[in-house]
Amino acid sequence: MSLSLAESTKLLEQKGLSESFWNKKLLLLESFLPCIARLTRHKVLDWLCQCEFSTTMVLIRATNPFSKSRAKSYQDVIAAVASGKSIQILQFQKHLSSNYCLVPYLKALQAEIGLPIKAITLFLTPERQQSLPAHIDDVDVVTLQLSGSKCWEIWEPIESGDISEHCLVVKPDRVTVQESGLLYLPRNVPHRVISGDGTSVSIGLIFRRPTLSDLVNRVFASDDLTEVLSQELSSTSDVEGSIQLWRTLIDRLQSLPDKTVPSVLEHLAHHPESLSKEGQSSLLQGGAVTGPVRLATKRVRHFNVEGF
């Protein structure tokens, strides 16, 4: 089943990836990408051959024992794939053409999640192979299966102890991601991934989380504040002029919706979890800071698409 962009976008909204699953639980969409997004091993190698090769571009991974090394040339990549090793193409987003059919679907994901894609890694894995032992990631995992399939073995998060030992003792849940599918896995969930029959090609997306600096920048980007912030001081020793401008800035801040932007910033400085949608909802239910929170979080959550 191949979905159009409109159908995939609607599916994301219906499932509520950002509202119901992000930071909470696994989500599997059996179909998300169109058939034309299919990327085989031969297409990957042909594409790589035409790129300006860099020694920081491709990581080679072996299974027995687990190891990794940098490919120094395109010939290293060919030899690695021929010998049954996995490869990772790092910072794949830097090489994507803006008219590549996958790009609109990546933009749809960004719009749903409300965060920009920080990095994309492409994984090419031979059949029945795994490139990493059981592990956890300190970032939320969104993977798109471009060809082949992968079986994800997933364990319940553990508070402490050795992950490899835990995974040997406890039986995992298993989820298979088929071609064109999407899988979301929250951060810090132990997992192991094994490719199915045939070579697997997939991409992993890392989303950049907003910082308090982003929030402050969005709030102070208000047109109502730009005039004050752009005024030059006659000198750094002009105390009286500085104080006057500072008072003007405070007055402008107080004139923004609900006149409580400073208190919102102070609250978020002590409660950064409020940047999540769940945190925003709890703040909005309070009523007192409705306007400023909507103003600030709207500016934080809607970034321009970077790199496409």
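Two strands are taken to pair if DSSP finds at least two bridges between them. Helices (H or I, at least four residues) and strands (E, at least two) are DSSP runs, numbered from the N terminus. The structure is a predicted model, in which local features need pLDDT of at least 70 and side-chain atom pairs count only at pLDDT 80 or more, while totals for chains, interfaces and linings use all residues. Residues are numbered from 1 along each chain as its sequence is written, and side-chain values use heavy atoms, with hydrogens and water left out.

The secondary structure of the protein chain comprises twelve helices and eleven strands. Of its 308 residues, 45% count as buried, where buried means under 20% relative accessible area, exposed over 50%, and partly exposed in between (1.4 Å probe, protein chains only). Among contacts (heavy atoms within 4.5 Å) with a separation of 6 or more, 81% are made by residues 24 or more positions apart.

Three strands build an open antiparallel sheet in the order β8-β7-β10. Its edge strands, each pairing on one side only, are β8 (173-177) and β10 (191-195). Neighbouring strands of this sheet are turned by 20° against each other on average, direction ignored; axes are lines fitted to C-alpha atoms, for helices over the stretch in contact, and angles run from 0 to 180 degrees between N-to-C directions. Strand β7 (residues 150-154) is joined to β8 by five bridges in the antiparallel sense, and β7 also pairs with β10, again antiparallel, over five bridges. Cys-151 of β7 takes part in both pairings: Cys-151 stands opposite Thr-176 in β8, and the bridge partner of Cys-151 in β10 is Ile-194. Further partners in β10 are Ser-195 for Lys-150 and Arg-192 for Glu-153. Four of the five residues of β7 are buried, leaving the strand mostly covered.

In a regular strand the side chains alternate between the two faces of the sheet. Such a pattern is found along β10, where His-191, Val-193 and Ser-195 point to one face and are buried, whereas Arg-192 and Ile-194 point to the other and are not.

An open sheet of eight strands, also antiparallel, has the order β1-β9-β6-β11-β5-β4-β2-β3. Strands β1 (27-29) and β3 (67-70) are its edges, each pairing on one side only. The average turn between neighbouring strands of this sheet is 20°, direction ignored. Within the sheet, β2 (residues 58-62) and β4 run antiparallel and are joined by four bridges, with Leu-59 standing opposite Gln-88 in β4. Helix α5 lies across β5, β6, β9 (182-185) and β11, and runs at about 35° to β11.

The largest pocket holds about 590 Å³ of space. On a 1 Å grid over the protein atoms alone, a pocket is an open set of points where a 1.4 Å probe fits, with protein on both sides within 12 Å along at least five of seven lines, and lining residues have an atom within 4 Å of a point. Grid points are joined across faces, edges and corners, and a volume is the space filled by probe spheres set on the points. The largest pocket is lined by 29 residues, of which Gln-88, Thr-121, Phe-123, Leu-132 and Asp-137 are the closest to its centre. Elements giving two or more residues to this lining are β5 (117-125), β6 (141-147), β7, β10 and β11 (200-207). The largest share, five residues, comes from β11. By class, the lining has twelve nonpolar, 13 polar and four charged residues; Ala, Val, Leu, Ile, Met, Phe, Trp, Tyr, Cys and Pro count as nonpolar, Asp, Glu, Lys and Arg as charged, and the others, Gly among them, as polar.

Several loop residues complete the description. Gln-91, in the loop between β4 (86-89) and α5 (103-113), has a positive phi of about 50° although it is not a glycine. Gln-91 is partly exposed, with a relative accessible area of 32%. Arg-128, found in the loop between β5 and β6, has a positive phi of about 60° and is likewise not a glycine. With a relative accessible area of 56%, Arg-128 is exposed. Glu-232 lies in the loop between α8 (223-229) and α9 (239-255) and counts as exposed at 75% relative accessibility. The C-alpha atoms of Glu-232 and Ser-242, ten residues apart along the chain, are separated by 9.4 Å.
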